[in-house]
Amino acid sequence: MLIVMKHNATSQEVQGAVSTIHAMGYQARPMPGSQRTAIGLVGNDGRVDKARLVGLPGVLEIIPVSRPYKQVSREWREEDTVVPLANGTVIGGREVAVMAGPCSVESEGQIMEAAERVAAAGATILRGGAYKPRTSPYSFQGLGVEGLRLLARAREATGLAIVTEAVDPESLDSVEEYADIVQIGARNMQNYPLLRRAGRSPRPVLLKRGLAATIKELLLAAEYILSEGNPNIILCERGVRSFDTETRNLFDLAAIPVVQSLSHLPIIADPSHGTGIRDKVTPMARAAVAAGADGLIVEVHPDPSKALSDGAQSLHPEEFVEMMAQVRGIADHIGRPLVGPLAGARQTV
Ligand code: PEP
Ligand code: MN
């Protein structure tokens with residue numbers, strides 16, 4: 001439920017409504033907007049006595065929120081959520097942010113070279129898994145904390161922000177210490193204790209769509225994070241399971257504008273896991289930006305033939321330079337230019 005205040009409501013009137021909500025046994029989330037303040041009532045068990053709120057000074061109207069994902073919905077918050085990072089990149093604003101790097105952090109030489117190449121091509125965020133949720137227990141599981149240290153070193157050298165995955169609450173403790181964005185992967189999209197833990201993190205969260213998750217399930221997963229108090233969530237379309245085996249996943253481009261109408265949260269696209277095939281990544285990156293994605297996350301490896309994970313879908317650095325040039329043309333054309341490049345990055349564009 002939303003309590004919408006009149007545009008000229010005083011701060012005492014807003015405080016009065018907040019106190020009444022508390023006295024009724026619910027939580028209040030005031031959201032100052034450009035026109036007026038709205039107060040979200042959290043914990044609505046269906047028995048809220050609206051009469052106590054309607055007549056309060058400064059209250060304009062009471063709006064029920066019909067979506068099951070309350071705080072994530074556009075009904076709750078009309079304005080887009082924008083997620084700012086320490087290196088100046090903003091996700092969810094007018095500009096399109098690009099995250100790039102290897103699937104896994106493998107060695108200091110590998111991550112440093114990847115970081116320099118993607119920064120030079122214009123990316124502002126470095127991806128790379130230190131904890132890898134692999135389908136087989138015998139596959140490379142990641143370097144753990146050592147991988148996080150290498151990512152931090154790459155950030156120091158290039159100015160790139162870092163996004164890396166946490167696979168359980170323990171790894172999240174370490175990831176939030178080192179990273180700018182905590183990634184929750186597709187396999188963990190419905191790991192509710194992990195989502196709640198991410199909701200208590202001071203870091204923004206990149207939440208990837210589950211392997212066979214509906215859009216509603218994705219938004220409800222985000223609600224777990226938001227309901228714990230973390231408003232900085234970035235959603236990610238990365239393809240879903242289908243009957244067709246020609247691509248690794250079925251990349252659901254329509255999810256981008258659908259999510260944008262249902263939710264105020266930014267949504268980025270992952271054409272690497274979305275297709276699983278190197279030469280399909282650039283066409284789908286172009287398509288995602290044309291569809292309105294707020295950003296891209298793309299796998300790039302200095303030598304994909306030697307990659308310890310996802311080599312077949314990783315771009316060579318030169319291919320990433322070309323992808324950026326193509327995507328930049330589309331982004332400029334639709335009035336949503338790419339973020340960056342970082343000041344000081346040696347440019348190859
Ligand atoms: C990844 O980003 O490398 C990854 C494991 O992605 P997903 O969770 O989407 O499979
Ligand atoms: Mn991967």
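**View 1. His273 in the predicted model.** His273 is a buried residue, its relative accessible area being 7%, in a model that is predicted rather than experimental. The NE2 atom of His273 is one of the protein donors of the manganese ion (ligand 2). His273 is also listed among the residues around ligand 1.

**View 2. The manganese ion (ligand 2) and its protein donors.** Four donor residues are shown: Cys103 through SG, His273 through NE2, Glu299 through OE and Asp310 through OD. These donors lie 2.1 to 2.4 Å from the manganese ion. Along the chain their spacing reads C-x169-H-x25-E-x10-D. Helix H9 (residues 271-275) holds His273 and strand E14 (residues 295-299) holds Glu299, so this pair ties together parts 26 residues apart in sequence. Glu299 has a relative accessibility of 0% and therefore counts as buried, the limit being under 20%.

**View 3. Polar contacts of ligand 1.** Ala186 places a backbone N or O atom 2.7 Å from an oxygen atom of ligand 1. For Arg238, a side-chain N or O atom lies 2.7 Å from an oxygen atom of the ligand. For Glu299, a side-chain N or O atom is 3.3 Å from an oxygen atom of ligand 1. On its own, ligand 1 has 300 Å² of accessible area, and the protein covers 97% of that area.

**View 4. The shell around ligand 1.** The shell comprises seven charged, three polar and two nonpolar residues. Residues around the ligand include Arg127, Lys132, Glu165, Gln183, Gly185, Arg187 and Lys208. Cys103, His273 and Glu299 are also among the residues around ligand 1, and these three residues are among the donors of the manganese ion.

Note on methods
Residues are numbered from 1 along each chain as its sequence is written. Chains are lettered from A and ligands numbered from 1 in the order in which they are written. This is a predicted model: local features need pLDDT of at least 70, side-chain atom pairs count only at pLDDT 80 or more; totals for chains, interfaces and linings use all residues. Side-chain values use heavy atoms; hydrogens and water are left out. A residue is near a molecule or strand if one of its heavy atoms lies within 4 Å of it. A polar contact is a pair of N or O atoms within 3.5 Å; within protein, one must be able to donate a hydrogen and the other to accept it, and residues adjacent in sequence count only if both atoms are side-chain atoms. Accessible areas come from the Shrake-Rupley method with a 1.4 Å probe; for residues, only the protein chains shown count as cover. Ala, Val, Leu, Ile, Met, Phe, Trp, Tyr, Cys and Pro count as nonpolar, Asp, Glu, Lys and Arg as charged, and the others, Gly among them, as polar. Donors are N, O and S atoms within 2.8 Å of the metal (3.2 Å for Na, K and Ca); water is not among the atoms, so sites may look incomplete. Helices (H or I, at least four residues) and strands (E, at least two) are DSSP runs, numbered from the N terminus. Buried means under 20% relative accessible area, exposed over 50%, partly exposed in between (1.4 Å probe, protein chains only).
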